[in-house]
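Trainee: Before we discuss the ligand site, may I see the structure?

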Amino acid sequence: MKTLKIAIQKSGRLNEKSVELLKNCGLDFDNYKSSLISGVSNFPLEILFLRDDDIPEYVQDGIADLGIVGENVIQETEVEVAYLQRLGFGKCSLKIAIPNSYDIEDVSELSGKSIATTYPVILGKYLKEKNINAEIRTISGSVEISPGLGLSDAICDLVSTGGTLKSNGLKPFCNVMSSEAIMIGKAGIENHEHVQELLQRVQSVLRAKETKYVVLNIHKDDLGKAIELLPGVKSPSVVPLAEEGWVAVHTVIPENDFWDRINQLRQAGAQGITVMPIEKIIF
Ligand code: PRT
Ligand code: ZN
């Protein structure tokens with residue numbers, strides 16, 4: 001069977017997390033900054049290191065079978081690719097932002113204004129949907145300085161912490177799209193045996209990230225209350241301790257309401273709570 005190719009960003013915001021994800025999937029490869037392609041020694045896969053803007057088209061055209069890229073780039077390039085897995089990193093929002101001094105409240109008030117962006121396709125669709133007749137000024141970078149230079153009334157750019165907007169005297173006005181890194185594939189590639197194997201590994205790594213392994217000690221009399229608070233993978237393991245009447249409970253707790261649950265467990269009588277990261281969860 002032919003060796004699959006996956007395209008990831010060569011350098012930039014998604015590079016490190018993409019490499020980390022593939023390594024956590026057990027793939028062994030060199031990550032030299034100078035190389036454009038790297039073979040994986042223990043899986044039939046080659047890794048192509050590219051500029052993120054090129055990844056969707058490379059995947060659509062079959063030069064790469066798979067890719068990891070921001071959804072914003074996929075939507076902007078209007079390619080036909082399959083979304084195989086949302087990856088939960090590279091999260092950001094494409095927002096329209098306006099100068100702090102601007103006093104508008106409704107998106108319709110953008111009509112007649114100019115908006116600078118590097119995302120003319122996504123912005124164009126958004127404005128059309130909302131029936132707003134604004135002028136899109138497509139520029140190639142440093143969008144945030146354009147209102148200050150008098151080049152546009154507003155901007156449409158990616159925002160994560162909001163720091164860039166703030167330091168340029170801008171405020172977020174409306175959300176155009178939310179984005180994160182996605183694993184994409186050439187249409188139909190999802191049925192390939194090795195793609196299914198890779199996706200299964202990716203999903204087990206992602207599941208592990210969403211949970212923590214917890215061991216706690218509790219008196220047998222309080223065990224019932226504690227078990228009600230624990231979803232676990234199936235049910236928690238309960239191991240007797242040397243001290244009469246006490247047990248250790250091993251379980252898995254979701255990251256999203258982690259502290260609430262830990263506090264409830266402490267109130268239920270749990271002691272000596274130890275929390276450990278999980279590498280993989282395989283069903
Ligand atoms: O060289 P190459 O073309 O591969 O990379 P690039 O420079 O085009 O992209 P890069 O590495 O900056 O971003 C890659 C992807 O990361 C994007 O396509 C998004 O999917 C995702 N991402 C997540 C972001 C951000 N967060 C982000 N904050 N991409 C860009 N930004 C920029 C934004 O454009 C603005 O200039 O960061 C600034 C705002 O950040 P805050 O934190 O100040 O709000
Ligand atoms: Zn780019």
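The exchange below concerns the ligand site and the domains.

Mentor: This is a predicted model, in which local features need pLDDT of at least 70, side-chain atom pairs count only at pLDDT 80 or more, and totals for chains, interfaces and linings use all residues. Residues are numbered from 1 along each chain as its sequence is written, chains are lettered from A and ligands numbered from 1 in the order in which they are written, and side-chain values use heavy atoms, with hydrogens and water left out.

Trainee: What makes a residue part of the surroundings of ligand 1?

Mentor: A residue is near a molecule if one of its heavy atoms lies within 4 Å of it. Around ligand 1 there are 22 residues, and the closest include Arg-51 and Asn-72.

Trainee: Why is the pair between Thr-161 and ligand 1 called a polar contact?

Mentor: A polar contact is a pair of N or O atoms within 3.5 Å. An N or O atom in the Thr-161 side chain is 2.6 Å from an oxygen atom of ligand 1, so the pair meets that limit. Backbone N or O atoms of Asp-52, at 2.9 Å, and of Gly-162, at 2.8 Å, also lie by oxygen atoms of ligand 1.

Trainee: How is the shell around ligand 1 divided by residue class?

Mentor: Five residues are nonpolar, eleven polar and six charged. Here Ala, Val, Leu, Ile, Met, Phe, Trp, Tyr, Cys and Pro count as nonpolar, Asp, Glu, Lys and Arg as charged, and the others, Gly among them, as polar.

Trainee: Which domains supply at least three residues each to this shell?

Mentor: Domain 1 (4-89 + 180-208) and domain 2 (92-179) do, with bounds from an automatic or database domain assignment.

Methods. Polar contact = N/O pair within 3.5 Å; in protein donor to acceptor, adjacent residues only side chain to side chain.
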